[in-house]
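Thanks, everyone, for making the time this morning. I would like to take you through one model, a part at a time, and then leave room for discussion.

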There are 2 protein chains.
Amino acid sequence: MKRSRRHSDSLGRASALLRDHGLKKTRPRIDVLSLLLSARKPLSHHEIAGAIPGADKVTVYRVLSSFLEHSIAHRIETGDRVWQFAVCPCGHTEHCHPHFSCRKCGKMECLSDVKLPRWSRLKPGRVVENQEIYLHGLCASCRKEGA
Amino acid sequence: MKRSRRHSDSLGRASALLRDHGLKKTRPRIDVLSLLLSARKPLSHHEIAGAIPGADKVTVYRVLSSFLEHSIAHRIETGDRVWQFAVCPCGHTEHCHPHFSCRKCGKMECLSDVKLPRWSRLKPGRVVENQEIYLHGLCASCRKEGA
DNA sequence: CATGCAAATGCAAGTGAGTTGCAACTGGCG
DNA sequence: CGCCAGTTGCAACTCACTTGCATTTGCATG
């Protein structure tokens, strides 16, 4: 089964990631990290806590914060004052790429392969240390259905 | 005095803008709009309400919402879950341009003249209707001071 | 200029994402 | 095995923003 295979992969990858970053291997951390790994798209705290039966919401916040500190995951803000969290397949720890979300189905994707302008060249003098690019619109499948 | 001249300009422009959009000319609307016009940079609700003595915070939220609805102002989210509001000099009502904020002095600017990639070409199939680009780093003057 | 009323205001109370304090627990080291 | 720094989980908090509702007001109309 594809799904369970991916899930067990995620469990293994989660353990390895925690070990590599010197984080204790605890139940909440394994649960949250393997969920993020198998999701392959950004998830909100609400989605994460909801997908893990019995999860404590504060613990989930703290687990996510520790992932951010260790650059295991990154955080996106989508304009509705709710954070989304993701471990991107590209392995980038800074959210160097744009994120797209569909106004119809709500799905969000990381556009990891998009080339971006060199901000510092465009605006000499400033140093851009961090960026957040958020695109909103219709995804390919919702567009076909006709919105 | 340059400052008061700009302020009275803003008062006149504010009245004109309200009239043009069919909005009643009320005290809170005049106050908020002329403040945004003279600020020439994004301001948070907190900054706006703080700068207008006796302003009711709920009214300020509602005034800002009506400006958004009528595309007089636009709203930016900077990553700290606090909205910023601006009437850009370029006159664009969609926030089509990136915003930059300095991590040292906190100042935020609209980068109205920056050319952006054509998202739809980069990611065929999707329709990008709205974008939010937020850059964070050091502005030119804070960089010189050495941070 | 007086009048009416839809729209706007202002106060109080509510919502919800995220945070803090603190006592109890536990992974993983010696 | 036993320790303890790091982690968890519960309750209570913060704070940006929203909603409900009674009162006021801009402005169109007679």
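**A walk through the model**

Let me begin with a single loop, the one between α4 and β2 (74–77) of chain B, where B:Ser71 is found. This is a predicted model, so please hear everything that follows in that light. B:Ser71 is not a glycine, and yet its phi is positive, near 55°. Is B:Ser71 buried or exposed? With 11 C-beta neighbours inside 10 Å, B:Ser71 counts as exposed.

A further loop of chain B, between β2 and β3 (83–86), holds B:Arg81, which is likewise not a glycine but has a positive phi of about 65°. B:Arg81 has 11 other C-beta atoms within 10 Å, and is therefore exposed.

While we are on the loops of chain B, let me point to B:Pro53, which sits in the loop between α3 (45–51) and α4. B:Pro53 counts as exposed because 7 C-beta neighbours lie inside 10 Å. Its C-alpha atom is 9.8 Å from that of B:Asp31, a residue 22 places away along the chain.

Let me now turn to the overall make-up of chain A. Six helices and six strands are found in chain A, and if you read along the sequence they come in the pattern α-α-β-α-α-β-β-β-β-α-β-α. Chain A has 147 residues, of which 33% count as buried. If we take the contacts in chain A between residues at least 6 apart in sequence, 50% of them join residues at least 24 apart.

Within chain A, I would like to dwell on helix α2, residues 27–39. How far apart should the ends of this helix of 13 residues be? At 1.5 Å a residue, the expected span is 18 Å, and since the C-alpha atoms at the ends of α2(A) are 18 Å apart, the two values agree. As for burial, the buried residues in α2(A) are A:Arg29, A:Asp31, A:Val32, A:Leu33, A:Ser34, A:Leu35, A:Leu36 and A:Leu37, so charged residues appear on that list beside the leucines. After α2(A) comes A:Arg40, which has a positive phi, near 55°.

The next point is how α2(A) packs against helix α4 of chain A, residues 57–69. The axes of these helices come within 10 Å and cross at roughly 70°, and α2(A) and α4(A) are therefore roughly perpendicular to each other. The crossing of α2(A) past α4(A) is right-handed. On the α2(A) side, the contact is made by A:Pro28, A:Arg29, A:Val32 and A:Leu33, and on the α4(A) side by A:Thr59, A:Val60, A:Val63, A:Leu64 and A:Phe67.

In chain B, the axes of α2(B) and α4(B) also come within 10 Å and cross at roughly 70°, which makes α2(B) roughly perpendicular to α4(B). Here too α2(B) passes α4(B) in a right-handed crossing.

That brings me to the relation between the chains. Chain B can be laid on chain A by a turn of 180° with a shift of 0.0 Å along the axis, and the RMSD is then 0.1 Å. The two copies are thus related as by a two-fold rotation axis. Which C-alpha of chain B is nearest the axis? That of B:Ile133, which lies 2.2 Å from it. The same surface serves both copies, in that 100% of the contact residues of chain B recur in chain A.

How many residues does each chain bring to the contact? Chain B gives 28 residues and chain A gives 28 residues. On the side of chain B that touches chain A, α5 (119–122), β6 (127–138) and α6 (140–145) each supply at least two residues, and β6(B) gives the most, with twelve.

I will finish with one residue that reaches across to the other chain. A:Phe100 is found in strand β4 of chain A, residues 99–102, and, with 23 other C-beta atoms within 10 Å, A:Phe100 is buried. Setting aside residues up to four places away in sequence, A:Phe100 touches A:Met108, A:Glu109, A:Leu111 and A:Leu135, and also B:Arg126 of the other chain. The C-alpha atom of A:Phe100 is separated by 9.0 Å from that of A:Leu138, which is 38 residues away along the chain.

I am happy to take questions.

Definitions and conventions
Residues numbered from 1 in each chain as written. Chains lettered and ligands numbered in written order. Predicted model: local features only at pLDDT ≥ 70, side-chain atom pairs only at ≥ 80, totals over all residues. Helix = DSSP H or I, 4+ residues; strand = E, 2+ residues; numbered from the N terminus. Expected span 1.5 Å × (residues − 1). Buried ≥ 20, exposed ≤ 12 C-beta atoms within 10 Å, placed from the backbone. Least-squares fit on C-alpha atoms with pLDDT ≥ 70 in both. Contact = placed C-beta atoms within 7 Å. Axes fitted to C-alpha atoms, helices over the stretch in contact; angles between N-to-C directions. Parallel < 35°, antiparallel > 145°, perpendicular 65-115°, else oblique. Left-handed = near helix turned anticlockwise from the far one by under 90°.
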